[in-house]
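Welcome, and thank you for taking a look at this protein with us. Please have the sequence and the 3D view open side by side as you read.

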Amino acid sequence: TLLDFHAEATSEKLAMAYYLDGRVSAIWGTHTHVPTADEEVFPKGTGYLTDLGMTGAVRSVLGIKPEQSVEGRYREPEKSAGKMQGAIFTLDDATGLCVGVERVDVR
């Protein structure tokens with residue numbers, strides 16, 4: 001079982017990970033679009049990362065042209081150089097639990 005937990009507060013994501021440790025293979029957070037550096041495998045085998053980050057234009061506000069974001073008009077995506085962020089969770093075939101987590105940041 002893999003869980004994408006879309007929540008604002010990092011504390012909510014961490015509390016959910018402790019609650020689900022050993023019950024799910026991996027849990028990661030989304031919403032802030034800023035990657036965190038706290039990847040780990042919890043004691044009972046659940047992989048965790050507070051926030052994966054985002055995939056989109058590097059010089060943007062959530063993939064939108066910055067000036068449009070400031071004006072509150074989300075119309076046109078920024079088309080400059082991109083980035084892809086996320087994580088690779090390595091799972092044990094026999095147990096389904098996580099044995100490793102590695103952040104990914106490609107620019």
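Let us begin with one residue. His33 counts as partly exposed, because its relative accessibility is 30%. Its place is the loop between E2 and E3. The backbone of His33 has a positive phi of about 65 degrees, although this residue is not a glycine. Keep in mind, as you look around, that this is a predicted model.

His33 has company in that loop: His31 also lies between E2 and E3. His31 has a positive phi of about 125 degrees, and it is not a glycine either. With a relative accessible area of 30%, His31 is partly exposed. Why do these backbone angles deserve a second look? Most residues other than glycine have a negative phi.

**The chain as a whole**

Now step back to the full picture. The protein chain contains two helices and seven strands, and along the sequence they follow the pattern β-α-β-β-β-β-α-β-β. Taken along the principal axes, the C-alpha atoms fill a box of roughly 50 × 25 × 20 Å. The chain has 107 residues, and 36% of them count as buried. Its accessible surface comes to about 6500 Å², with 55% of that belonging to carbon and sulfur atoms. There are 11 positive and 16 negative charges, and the mean positions of the two groups are 7 Å apart. As for contacts with a separation of 6 or more, 41% of them are between residues 24 or more positions apart.

**The four-stranded sheet**

Four strands make up an open sheet, in the order E1-E2-E4-E3, with mixed pairing. The edges are formed by E1 and E3 (40–41), each of which pairs on one side only. E1 and E2 run parallel and are joined over five bridges; in one of these places, Leu3 has Ile27 of E2 as its bridge partner.

**Helix H1 and its two sides**

Helix H1 spans residues 10–20, and Lys13, Ala17 and Leu20 are buried there. Seen down the helix axis, the buried residues fall within an arc of 75 degrees, so they line one face of H1. The spacing along a helix helps to picture this: an α-helix has 3.6 residues a turn, so residues three or four places apart point the same way. What do the buried residues of H1 pack against? Their partners are strands E1 (2–6), E2 (26–30) and E4. On the face turned away from the buried side, you will find the exposed residues Ser11, Tyr18 and Tyr19. After H1 comes Gly22, with a positive phi near 90 degrees.

**Strands E5, E6 and E7**

Further along the chain, E5 pairs with E6 (residues 82–91) in the antiparallel sense over three bridges. Here Gly56 stands opposite Lys83 in E6. E6 is also joined to E7 (residues 98–106) by eight bridges, and these two strands run antiparallel. Leu91 has Cys98 in E7 as its bridge partner. Together E6 and E7 form a hairpin with six residues between them, and Gly96 in the turn has a positive phi of about 80 degrees.

**Two residues to compare**

Is Met54 buried or exposed? It counts as buried, because its relative accessibility is 10%, and the cut-off for buried is under 20%. Met54 sits in the loop between E4 (47–49) and E5 (55–57). Leaving aside neighbours within four places in sequence, Met54 is in contact with His33, Ser60, Leu62, Gly63, Lys83, Met84 and Gln85. That list brings back His33 from the start of our tour.

Ile88, by contrast, is in strand E6 and is partly exposed, with a relative accessible area of 45%. Not counting residues up to four places away in sequence, Ile88 touches Gly100, Val101, Glu102 and Val104.

The table sets out one C-alpha to C-alpha distance for each of these two residues.

| Residue pair | Apart in sequence | Apart in space, C-alpha to C-alpha |
|---|---|---|
| Met54 and Arg75 | 21 residues | 19 Å |
| Ile88 and Gly47 | 41 residues | 9.7 Å |

Terms used. Residues are numbered from 1 along each chain as its sequence is written. This is a predicted model: local features need pLDDT of at least 70, side-chain atom pairs count only at pLDDT 80 or more; totals for chains, interfaces and linings use all residues. Side-chain values use heavy atoms; hydrogens and water are left out. Buried means under 20% relative accessible area, exposed over 50%, partly exposed in between (1.4 Å probe, protein chains only). Contact means heavy atoms within 4.5 Å. Accessible areas come from the Shrake-Rupley method with a 1.4 Å probe; for residues, only the protein chains shown count as cover. Lys and Arg count as positive and Asp and Glu as negative; His and the chain ends are not counted. The place of a charge is taken as NZ of Lys, CZ of Arg, CG of Asp or CD of Glu. Two strands pair if DSSP finds at least two bridges between them. The arc is that of the directions from the helix axis to the C-beta atoms.
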